[in-house]
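Colleague: I am new to this structure, and I would like to understand the reasons behind the words used to describe it. Could we look at it together and take the terms one at a time?

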Amino acid sequence: DATGEQVESIDAAIDETDRLTALVGDLLQLARADEHPPPVPVDLGLLVSERVDTWSAVADSVGVGIRAELPDGTLVVTAVPGAIEQILDNLLDNALKVAPPGSAVVVGVEAGTDRHVLHVADEGPGMTDQDKARAVTRFWRGSTTTQGSGLGLAIVDALATASGGSLSLGDASGGGLEARVALPVATSRSVPADR
């Protein structure tokens, strides 16, 4: 049936357009991470709560729980403007793609004296040590069964580095992967006087 073939061709073209649009968006994020303004003080705890709330609908749609585990008190770090939101969006997107239904994604912060550590842990299949080492390489993808450009962790790494921090990948306690982003604690010199 010619009409059925045309519909399939149109659907394939739409899928390819969506894929290319996402790739361009990822490349723009990466370019912005490479050319960044100076870091500014940001409330890490507030941003974690906001992003977890935003991503809860996506988590619900795939049958995965999502929660924030934050210590008491204000957690102010210095980061490139918009970096924390992009870091969380990339890490949560990755975690929710691999987390099996009925599992949980946990976003937490460990308070430190000179660095606070943001961590996102899932209960997915995890990564081998070799894959963890290659995961921040631009365009590397661990699986060809999930959609993506292979830029998410490269963007996270670039934004963490631009903010004076670092990204590390490890095994989550319940299986799966834990991404850890260490960010500098804002000093009294870096926090605006009106805070």
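Modeller: Let us begin with the second largest pocket, bearing in mind that this is a predicted model. Strands β2 (65-69), β4 (104-110) and β5 (115-121) each supply at least two residues of its lining, and the volume of this pocket is about 180 Å³. Of the 14 residues that line it, Val106, Ala121, Ala172, Ser173 and Gly174 are the closest to its centre.

Colleague: What makes a residue part of the lining of a pocket?

Modeller: A lining residue has an atom within 4 Å of a point of the pocket. By class, the lining of the second largest pocket has four nonpolar, four polar and six charged residues.

Colleague: Which strands form the open sheet, and in what order?

Modeller: The open sheet has five strands in the order β2-β4-β5-β7-β6, with mixed pairing. Its twist averages 15° from one strand to the next.

Colleague: Why are β2 and β6 (166-171) called edge strands?

Modeller: Each of these two strands pairs on one side only. For pairing, at least two bridges must be found between two strands, and β2 and β4 have five, in the parallel sense. One of the matched positions is Gly65, whose bridge partner in β4 is Ala104. At the other edge, β6 pairs with β7 in the antiparallel sense over six bridges, and Asp171 stands opposite Leu177 in β7.

Colleague: How do you know that the pairing in this sheet is mixed?

Modeller: Set the pairs beside one another: β2 and β4 pair in the parallel sense, whereas β4 and β5 pair in the antiparallel sense over five bridges, with Gly108 having His119 as its bridge partner in β5. Strands β5 and β7 also pair in the antiparallel sense, over seven bridges, and in β7 the bridge partner of Leu118 is Val181.

Colleague: What joins β4 to β5?

Modeller: A hairpin joins them through four residues. There is also a hairpin of β6 and β7, with five residues between the strands, and in that hairpin Gly175 takes a positive phi near 90°.

Colleague: Why is β7 described as largely enclosed by the rest of the structure?

Modeller: A residue counts as buried when its relative accessible area is under 20%. Seven of the eight residues of β7 are buried, so this strand is largely enclosed by the rest of the structure. Strand β4 is mostly covered too, with six of its seven residues buried. For the protein chain, 41% of the 195 residues count as buried.

Colleague: Which helices lie against the sheet, and how do they run?

Modeller: Helix α2 (residues 44-61) lies across β2, β4, β5 and β7 (177-184), running at about 175° to β2. Helix α3 (residues 83-98) packs on the sheet and touches β2, β4, β5 and β7, and its direction makes about 25° with that of β5.

Colleague: Why is Thr54 called partly exposed, rather than buried or exposed?

Modeller: Partly exposed lies between the limits of under 20% for buried and over 50% for exposed. Thr54, found in helix α2, has a relative accessibility of 44%, and therefore counts as partly exposed. Its C-alpha atom and that of Asp89, 35 residues apart along the chain, are separated by 9.5 Å.

Colleague: And why does Ile155 count as buried?

Modeller: Ile155, in helix α5 (residues 152-162), has a relative accessibility of 0%, and so counts as buried. The C-alpha atoms of Ile155 and Gln86 are separated by 8.2 Å, although these residues are 69 apart along the chain.

Colleague: How are strand β1 (residues 40-43) and β3 joined?

Modeller: Four bridges join β1 to β3, and the two run antiparallel, with Val40 opposite Ala79 in β3. From β3 (residues 76-79), Val76 and Thr78 point one way and Val77 and Ala79 the other way, and all are buried. In a regular strand the side chains alternate between the two faces of the sheet.

Colleague: What does the protein chain come to in secondary structure, and what pattern does it follow?

Modeller: It comes to five helices and seven strands, and read along the sequence the pattern is α-β-α-β-β-α-β-β-α-α-β-β. Residues 24 or more positions apart account for 70% of the contacts in the protein chain with a separation of 6 or more.

Methods: Residues numbered from 1 in each chain as written. Predicted model: local features only at pLDDT ≥ 70, side-chain atom pairs only at ≥ 80, totals over all residues. Heavy atoms only, no water. 1 Å grid on protein atoms, 1.4 Å probe; cavity = no way out; pocket = protein on both sides within 12 Å on 5 of 7 lines; lining within 4 Å. Points joined across faces, edges and corners; volume = space filled by probe spheres on them. Nonpolar A, V, L, I, M, F, W, Y, C, P; charged D, E, K, R; others polar. Axes fitted to C-alpha atoms, helices over the stretch in contact; angles between N-to-C directions. Contact = heavy atoms within 4.5 Å. Buried < 20%, exposed > 50% of the residue type's maximum accessible area, 1.4 Å probe, protein only.
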